[in-house]
Amino acid sequence: MRRLPPLAAIRAFEAAARTENFTAAAAELGMTQAAVSYQVKSLEERLGAPLFVRERGRARLTPLGQRLLPPLSAAFDGIEAAFASHREDDETLLTVTTTHTFANTWLAWRLGAFQMEHPDLAVRMTTSNELCDLRGGDADVAIRGGSGGWEGLEEHRLFPTNFTPMACPDYLASLERKLGRPVEPHDLPHQNRISPGDDWWQQWFADNGVPYDDSVLRRAGVRLENQANEGHAAMGGQGFALLTPLLWKGDVAAGRLAAPFPDRVSARGWAYWLVFPRERRMVPKVKRFREWLIAEIEQAVQEVDGGWAKQDRVPDQQVTLRIV
């Protein structure tokens, strides 16, 4: 254990000794002159020797005070430099953590635009499906999927994780040639499905009146751990994957994926959220990223489906809009 006098008393002495004026020290420290005088007096009592000779308009140091001032000022300079280094890093580096799926399908394609709009910021993105300690400094902000309700964090709901079957156009065309007609929802239980036992498939079948039994859910197939991998497997011609339209609209537009039932979109009540500690909501870099991300998401939601995702509803069945 360090045997140190109270830090408040040391700060008061160092400021008064450096300025040789109790009034100036009080202004610097945001204290009253009486409070500075009290702290210095308590330090003198602890040392058993005077530190100042009080003169009119000036506080002249005693030999003891002259001996103590240089190492104490150097110590405070070191402390100030340590915190200044942290502030500089904190103000110039934004760390964003998110899931593999959101990073690979959406954020990585756009994050550079944010950095170009804010050239004073370096931006770092990390990916993990595990929760991180935002308060412990693992990242500045997180984008996560779930139902919300994270204690101590400010939450901004971005968009719901709705889903519809998608496949690569070549796979879909081959299947329709084999069937001799356009594919229908009731065909899917008997086709190649990626992660066929996923309960998202159960919900999509139920929402669309598609009959199925346990053998359908036990059907052999590729099982993958996240939507990013499932989407890329679908692009590789391995079958149908249940994907969130907003995350894959670029691949649909580029012809890498096709959505045969764009009007049959299911939802689970989950969403993607932007979260960060409440006490950091007005930190400039967090505020700038929050405003940019929310605006980008709102535009993307409107472009992908006319605003259905924002309204939390499935498109009317008669709508035939293709997802782009």
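Which residues does Trp 204 touch, once residues up to four places away in sequence are not counted? I would like to open with that, and I should say at once that we are looking at a predicted model. Leaving those sequence neighbours out, Trp 204 touches Phe 163, Thr 164, Pro 165, Pro 185 and Leu 188, and its list of contacts also includes Val 210, Leu 242, Phe 261, Arg 264 and Ser 266.

Let me stay with this residue for a moment. Trp 204 lies in helix 7, and because its relative accessibility is 0%, where buried means under 20%, it counts as buried. Its C-alpha atom is separated by 8.7 Å from that of Leu 242, although the two residues are 38 apart along the chain. A polar atom of the Trp 204 side chain also lies 3.1 Å from the backbone oxygen of Arg 264. Arg 264 comes up again with Asn 208, which is found in the loop between helix 7 and helix 8 and is in contact with Arg 264 and Ser 266, leaving aside neighbours within four places in sequence. Asn 208 counts as buried too, at 14% relative accessibility.

Now to the aromatic rings. Trp 204 belongs to a cluster in which ring pairs link it with Trp 201, Phe 205, Tyr 212 and Phe 261. Over the face of Trp 201, at 5.2 Å from the ring centre, lies Arg 193.

In the structure as a whole there are 17 aromatic pairs. One of them joins Phe 159 and Tyr 272, whose ring centres are 5.1 Å apart and whose planes meet at 25°, so this pair is stacked. That pair links distant parts of the chain, since Phe 159 sits in strand 6 and Tyr 272 in strand 9, with their positions 113 residues apart. Phe 159 is buried at 2% relative accessibility, and Tyr 272 is buried with a relative accessible area of 8%. A further stacked pair is formed by Phe 163 and Trp 200, with centres 4.4 Å apart and planes at 25°. Here Phe 163 is in the loop between strand 6 and strand 7, while Trp 200 is in helix 7, 37 residues away in the chain; both of these residues are buried.

Next, the nonpolar interior. In soluble globular proteins, nonpolar side chains tend to be buried together. In this model the largest nonpolar core has 36 residues, and Phe 159 returns here as one of those with the most contacts inside it, alongside Phe 102, Trp 106, Ile 143, Phe 289 and Leu 293. Helix 11, residues 284-305, supplies the largest share of this core, namely seven residues. Leu 293 touches Trp 106, Ile 143, Leu 158 and Leu 274, again not counting residues up to four places away. Apart from this core lies another, of 19 residues, among them Ala 15, Val 36, Ala 59 and Leu 64.

Finally, the overall picture. The protein chain has twelve helices and nine strands. Its radius of gyration is 31 Å, well over the 20 Å that the globule rule gives for 324 residues, so the chain is more spread out than a compact globule. The C-alpha trace spans about 105 × 40 × 30 Å along its principal axes. Buried residues make up 44% of the 324 residues. Among contacts between residues at least 6 apart in sequence, 71% join residues at least 24 apart.

Terms used. Residues numbered from 1 in each chain as written. Predicted model: local features only at pLDDT ≥ 70, side-chain atom pairs only at ≥ 80, totals over all residues. Heavy atoms only, no water. Phe/Tyr/Trp six-rings, centres within 6.5 Å; stacked < 30°, edge-to-face > 60°. Helix = DSSP H or I, 4+ residues; strand = E, 2+ residues; numbered from the N terminus. Buried < 20%, exposed > 50% of the residue type's maximum accessible area, 1.4 Å probe, protein only. Lys NZ or Arg CZ within 6 Å of the ring centre and 35° of its normal. Core = buried A, V, L, I, M, F, W, Y, C linked by side-chain atoms within 4.5 Å. Contact = heavy atoms within 4.5 Å. Polar contact = N/O pair within 3.5 Å; in protein donor to acceptor, adjacent residues only side chain to side chain. Rg over C-alpha atoms; globule rule 2.2 N^0.38 Å.
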